Amino acid sequence: MDPSRIVDSFPAPSFRGNQEQALRDIRDAFEGGKDVVLVRAPTGSGKSLLARSIAGAARTAEEASPAEATDAYYTTPQVSQLDDVAEDDLLSDLKIIRGKSNYNCIIRGEEDTPVDRAPCARERGFDCSIRHRCPYFSDRAIASNRQIAAMTLAYFMQTAGSDVFRKRDVVVIDEAHGLAEWAEMYATIDLKPRTVPVWDDIGVPDLSEAGDPVERASRFAETLVGVCKRAKDELLTKPELTPEEAARRDQLQELISELKWFVEDYRDPQSPTTWVVDQHDGEGSPMAIKPLDPAKYLQHTVWDRGNKFALLSATILNKAAFCRSVGLDPSNVALVDVGHTFPVENRPLYDVTQGKMTYEHRDETIPNIARLVVRLMAKHPDEKGLVHCHSYAIQAELRRRLAEMGLGNRIRGHDRDNRNEELETWKATDRPEVFLSVKMEEALDLKGDLCRWQVLCKAPYLNTNDSRVARRLEDGQWAWYRRAALRTVIQACGRVVRAPDDYGDTYIADSSLLQLFEKTRHDMPDWFAEQVDRMTKPDLPEFDPVAAGGRGSNASDGPANLSGQSSANSASRSQRSTSESSASGTRGSSSRSGSSNSRSRSRSSGSGSDDDGRGNHPLSDVWGE
């Protein structure tokens, strides 16, 4: 890497805000001998442009000996972030490569078949005469030879050990704040009917009956490997598979690799990884096998992939804690802070707290928040708003109450299956609709009139029913727990103010958020602490559903899409009972660990159905790569 090229590699005609100073600070950090630079850059800093500048300093093939790594990777956990890069003319020299499932075959009669289910994946010995024109293999070939290859973090991790995407000189990771959490989620093995093709052929034990649940899970994993191998071998005897059989074969192979990795990892006395397991409903029920410490996994999939690293995010809150969580030596890491260029007056926080939204207090607080939303709708009669509901249970209850108040025509929501479609429809309308969202605190650009106000319904603490969270809290890691929540809050606050001349109000409805701010003050970036210090109680109109109807209150304007909420009462009650049921289960742990084999995850194993599970995780949109 030649750090002196960083500033000159900036792709835009001119700098804005603090970009030039940030690049100079990053250059100085690398020139000072650091291998990793954390760049804490708030919304509006142009992180993608900063990332391109850093990647431009990578050693070129002309400068390198045959054994030296050259060129750069750009990667991000967010699919939407990669889409933004693809649409930015200033970043046109980044060659994007996506997973096979994102490309369709071009063989006649197979045009609707994803490449991972195409004849080359189904037929033994298939020789594709037009492989050189295949959109996936063509993009892969170009990206592997381009100076900067861009991909999601999922694809980047999957290609660890690949002969195509080898070690490069520079790796830039955008939105890197969730790297440790992402690695844990990616390395988790979910065993349930949808992810285990042979589920009906096995007997799933009750882990709670074992003295050591993780040891019992490892023995079960060994048995399951054998069943999966026999099922896969049976498929391999066929000369040609259907697309469904090809999917089953790949799922079986992936599961075999995951389970073998876990067993080896757990039984290795030298491994530092701690394993825990979740099984909430006993014998025959799904289980999840989870690693607590992803550092060893990240070593193989990330840190071995480059010489120099730049990790960018607005919310890397504590350098030492972040380094511990991802396996980095803090002495080899520099932190560069980029100042906020948006006037604090344009991004105010307002204290409109209505009580606690913890599970035991939620029933008495939600009615108050519903009435608050009505008052906010009256305050913003001609402006679009966003309510961060945190869970589908909270969303359903708010929708029911607002509909009963006659405001269904100004409310829009989504469910697990139509998140993107409903979001885009809401963004496209010019009506002052209020969007009730779940897990949309990150990677959402609501610039200008797309949204002028938002409500944080609940302090976004991690689910304590998750064995990883519970284990850490048992170990006293409350600072980590609070930082995770603060990080999500800061991300959410950045959704509605996207430029120096943009503006938007953020309302704090859960009193637990005030306690969170008090306990995490020392971890806040200065620019966010300034927002918190300026927080005031606003003057709001009196509760009046008629006044809250806005210009779209007339029924002739047409109701907003409520995703089947014509039966709001029964649907929301059913959803609430499903989403908020508190299942008692078993937690087990062991300080045993395992290997760092390269592993892959298919689309089907990446989407979850639980309210607080992987499907609604802040990084959930990366699955499927």
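The model contains 0 disulfides, a disulfide being a pair of cysteine sulfur atoms within 2.5 Å. A disulfide is a covalent bond between the sulfur atoms of two cysteines. Cys105 takes part in no disulfide, and the nearest cysteine sulfur, which belongs to Cys128, is 6.4 Å away. This is a predicted model, in which local features need pLDDT of at least 70 and side-chain atom pairs count only at pLDDT 80 or more, while totals for chains, interfaces and linings use all residues. Residues are numbered from 1 along each chain as its sequence is written, and side-chain values use heavy atoms, with hydrogens and water left out.

**Accessibility of selected residues**

Buried denotes under 20% relative accessible area, exposed over 50%, and partly exposed the range in between, for a 1.4 Å probe and protein chains only. The table lists several residues discussed in this report.

| Residue | Relative accessible area | Class |
|---|---|---|
| Cys105 | 9% | buried |
| Cys228 | 0% | buried |
| Glu175 | 13% | buried |
| Lys439 | 14% | buried |
| Asp466 | 16% | buried |
| Arg472 | 10% | buried |
| Gly161 | 66% | exposed |

**The sheet**

Helices (H or I, at least four residues) and strands (E, at least two) are DSSP runs, numbered from the N terminus. Two strands are taken to pair if DSSP finds at least two bridges between them. Seen in this way, 7 strands form an open sheet with parallel pairing, in the order β3-β4-β2-β5-β9-β1-β10. Its edges are β3 (94-96) and β10 (333-337), each of which pairs on one side only. From one strand to the next, the twist averages 20°. Angles run from 0 to 180 degrees between N-to-C directions, and axes are lines fitted to C-alpha atoms, for helices over the stretch in contact.

Within the sheet, β2 (residues 72-76) and β5 (residues 168-173) are joined in the parallel sense by 4 bridges. One residue of β5, Ile173, is the bridge partner of Thr75. Helix α5 (residues 135-145) packs on the sheet and touches β3, β4 (148-152) and β5, with its direction at about 150° to that of β3. Contact here means heavy atoms within 4.5 Å.

Loops on either side of β5 hold two residues of interest. Gly161 is in the loop between α6 (153-158) and β5. The C-alpha atoms of Gly161 and Thr301 are 8.2 Å apart in space, although the two residues are 140 apart in sequence. Glu175 occupies the loop between β5 and α7 (179-187). Its phi is near 50°, a positive value in a residue other than glycine.

**Nonpolar cores and helix α2**

A nonpolar core is a set of buried Ala, Val, Leu, Ile, Met, Phe, Trp, Tyr and Cys residues joined through side-chain atoms within 4.5 Å. The largest comprises 70 residues, of which Met157, Leu191, Leu224, Phe262, Trp303 and Leu311 touch the most other members. Helix α8 (residues 213-236) gives the most to this core, contributing 10 residues. Apart from neighbours within four places in sequence, Leu224 contacts Leu191, Val196, Val198, Ile202, Leu255 and Leu259. A second, separate core has 35 residues, including Ile54, Tyr74, Ala310 and Val338.

Helix α2 (residues 47-55) is largely enclosed by the rest of the structure, because 9 of its 9 residues are buried. Among them are the charged-name entries Lys47 and Arg52, together with Ser48, Ser53 and Ile54.

**The region from β14 to α15**

Lys439 lies in the loop between β14 (434-437) and β15 (453-456). Like a residue noted above, Lys439 has positive phi without being glycine, with a value near 55°. Asp466 follows in the loop between β15 and α15. A polar atom of the Asp466 side chain is 2.7 Å from the backbone nitrogen of Arg468. A polar contact is a pair of N or O atoms within 3.5 Å; within protein, one must be able to donate a hydrogen and the other to accept it, and residues adjacent in sequence count only if both atoms are side-chain atoms.

Arg472 belongs to helix α15 (residues 467-474). A polar atom of its side chain lies 2.6 Å from the backbone oxygen of Leu292. Not counting residues up to four places away in sequence, Arg472 touches Glu184, Leu292, Gln477 and Trp480.
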